[in-house]
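Visitor: I'm new to this one. Could you pick a single part and take me through it slowly, starting from the overall picture?

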Amino acid sequence: MSNEPTPADLFTAAVGDRVREWREAVNQSRAELAGSAGISVGYLGKIERGKAAATITTIQAIAVALGASVSELLDVEGEGLGLAAKTASKPSDA
């Protein structure tokens, strides 16, 4: 099996990048955003690093806490997916 990221891995990483970009743009700490969205700081960190795929309910809670729309957080294509490929990785089969 290949350790190349799948399209789902790339999308997860790109969404995480968008969440982090929005959080930084509104000057919120991870702790502040996690508290407002009702999730743990650790889970938010995993989402931002592309290591956890958030449910749509969690994305909606994050969007509300950021003053963004779900579509703004999920608006990832083309270049965004290419940049995400640098950080996305599949778990090794070892």
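Guide: Let's start with the whole thing: the protein has six helices and zero strands. Keep in mind that this is a predicted model. Reading from the N terminus, the elements simply go α-α-α-α-α-α. The chain has 94 residues, and 33% of them count as buried. About 5,400 Å² of the protein is exposed, with 55% of that supplied by carbon and sulfur atoms. Now look at contacts between residues at least 6 apart in sequence: 64% of these join residues at least 24 apart.

With that in mind, let's zoom in on helix 2, which covers residues 30-37. Find Leu33, Ala34 and Ala37 there: these residues of helix 2 are buried. Why do they sit on the same side of helix 2? Because they cover an arc of only 100° around the axis. Now swing around to the other side of helix 2, where you'll meet Gly35 and Ser36, and both are exposed. In other words, here "buried" means under 20% relative accessible area, and "exposed" means over 50%.

So what does the covering? Over the buried residues of helix 2, the cover includes helix 1 (7-25), along with helix 3 (41-48) and helix 4 (56-66). To see this for yourself, follow Leu33, Ala34 and Ala37 and look for those helices around them.

One last stop, right at the end of this part: just after helix 2 comes Gly38, and its phi is positive, at about 75°.

Notes: Residues are numbered from 1 along each chain as its sequence is written. This is a predicted model: local features need pLDDT of at least 70, side-chain atom pairs count only at pLDDT 80 or more; totals for chains, interfaces and linings use all residues. Side-chain values use heavy atoms; hydrogens and water are left out. Helices (H or I, at least four residues) and strands (E, at least two) are DSSP runs, numbered from the N terminus. Buried means under 20% relative accessible area, exposed over 50%, partly exposed in between (1.4 Å probe, protein chains only). Contact means heavy atoms within 4.5 Å. Accessible areas come from the Shrake-Rupley method with a 1.4 Å probe; for residues, only the protein chains shown count as cover. The arc is that of the directions from the helix axis to the C-beta atoms.
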